Amino acid sequence: MSSCTPTTPQQPDPWLLTQTISPRRTVRVASTDAYGEVLNQYASIRPVGPTPPQTPWAMYLAGTDQRFRLLCFDHDAKTPGATDAAARDAEVTAGILTRAGLTPVVCASGPTGGRHVWVGLAESVDAETVATLARLLRHLCPTLDLAPLTNPATGCVRPPGTPHRAGGASEVITGSVGALTAPTGTPAQVRAAAEHVAQLVEDTEPVHVPTARRPLPVDKHQHRYLPGPRRPLPRASAAALEEDAAMGDASAVLWRILIGAAASRWRYEDVAGLVDRPGMAHILTERSRGTRVPRTPAQAAERLAHHWNRAVQWVAANPRRDSEDDPTFAPRAAAIAAHVRQIQQRADASAGRWTTAAGPTDRRVLDVLCVLALQGLTASVEADIRRLGLLAGIGRETARTGLLRLAADGWITQHSPAEGTRAARWTIGPATAIHNTPPEGRSQVDTRAPLDRTGPAQRTTLLAQLTARTADAAHDAFTPGALGHHAGNVYARSTLAPQSAHALAQLTGGSLDRTVRTLHRLVDDGILLVDVHGYRRSRRDRRTPAATRYGTNGRLAQRARTYALERELWTWWLAEQTWMCAPRRAPAHRRAGHGQLALIPSDETTSYGAHPRRADGRADYRKARALLLENRTASGRSPARFNSERPAHAA
């Protein structure tokens, strides 16, 4: 008689499974403390013999040749509240792998609610391809632990059926262990999964949209747009219009359409006329209990206006560059992402370098230089000390001395000194060439070429990570007189998931004692929370109240205004020098003063006008400053955002 009861996946014999599929003839075994309690430390190594270990064990994913024979995506649930997130991320991971033709096996890792998503490989896969897939997937699935998939030498995970130190065992939820004992996965399928994740990363609407470099024009209905002649939609955006968005991530499909339309100089009414197309499903419907239900006309209009204005602002702040316009963009993006990642890994491994008094600020300067390199697709960046200081949340002099210390230690090299309005140019790391033209005439096949297609997404994930880190650390609460720079670096590496003091000390490059003292101060001010699992961020940002208590609230904003004024003063004086060195016209005529317009612009006229002079003919810098301040006050204009200003004062 048939039964309607769903079948439970058969649970394997864990040691027999280990003997069958382990890429090596050894496993790592959990240690115990003096009281016999099992620790989350797999320090012991023992051979895969006839009898299983007495404590939980973990199996290597790669062979001794450092090529992966197994993949396991470990979604952690370190707190009870993270259980749902781990389950959701595991479901997303399994869906991506299935779409690429792989056969995932999903396991509940134990009583804590974590998930393991296993894949068996019939052919080994190189470590770089696997690491790329893991890093990109982490951008979509924050619960993913990168360690097992990015360290082929020691990366290991408990196999299905293995006991958990807290009780219970890893249990198969979906799939069959037959997909592991008789694997079918290929390197091509793993690369296809990486490319699909890369597309999802690029299509994901960012949480934080940066301010555009200059005010954007608006139409009569107050919708933003980018000026210029309208062009046809890019192929990716045009294809997304016809995609059945209701069957997948409708918001990602919509974002792909809107950023393409904004970059092509479309306007709101142009995209509003396309809301009945399949790819615009997110505008007319919303998800409710697994299905999509219609929105009201007012709700649809509000959604479209919201996403359109964000898309225009995003494209204005991040000019769109892809393979349709520049076939060299993807490989260059891959090259700079690999270069910056190498610098960051070296910095993370050089913990002692950042334990000095100036270490925390030096690391911030290095991180900001990496951000600028990613933005410019070049390891050689032009950065003045004011811009660096504002991005890093430190003073210009601290930024200047930080550059000198980093150069002395070999982290950066000065490519060219400052001159006029051009800042000094610095190269991060060893000299590297990122070519603008694709390589031709190679006699051998480039095995890394398929990963170049994921280059833009690799760059996007690194840029998002480093930008968020520098922004989190650059706060009034983490300035001298408040909690200090080291506290900012610790906070920037904390997450909503708990981390131990030892882990945070390793991430920041600080000593354990110093990190513990800093953590206690952050907890005392309510910025971080602590429990038995470790230190984590509060969901409510408490940095500004802390800065107010310390009397530093508004310090960085005031610094930005000061630096903007100094840049303008410097630019005015350079314009005056240009006028003094220019050939004189005959007959001589009176120059326009500050704030006056010249009918016919020339080398003798600038937007600043004549520089103020004292009675003895020398430049009157005090009056020039007063005039600029008066002009700013009269116009009600605030200084431009520091991260979008062109450096004016060479340093």
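User: Is T552 buried or exposed?
Analyst: This is a predicted model, in which local features need pLDDT of at least 70, side-chain atom pairs count only at pLDDT 80 or more, and totals for chains, interfaces and linings use all residues. Residues are numbered from 1 along each chain as its sequence is written, and side-chain values use heavy atoms, with hydrogens and water left out. The relative accessible area of T552 is 2%, and buried means under 20%, exposed over 50% and partly exposed in between (1.4 Å probe, protein chains only). T552 is therefore buried.

User: Which residues does T552 touch, not counting those up to four places away in sequence?
Analyst: A contact requires heavy atoms within 4.5 Å. With residues up to four places away left out, the partners of T552 are D476, A477, T479, P480, G481, A482 and A547.

User: How far apart are the closest N and O atoms of R386 and E566?
Analyst: A salt bridge is a side-chain nitrogen of Lys or Arg within 4 Å of a carboxyl oxygen of Asp or Glu. R386 and E566 form such a pair, with their closest N and O atoms separated by 2.8 Å.

User: Which parts does the pair R386 and E566 tie together?
Analyst: Helices are DSSP runs (H or I, at least four residues), numbered from the N terminus. Because R386 lies in one helix and E566 in another, the pair ties together parts 180 residues apart in sequence. Those helices are α14 (residues 385-392) and α22.

Technical notes
Helices (H or I, at least four residues) and strands (E, at least two) are DSSP runs, numbered from the N terminus.
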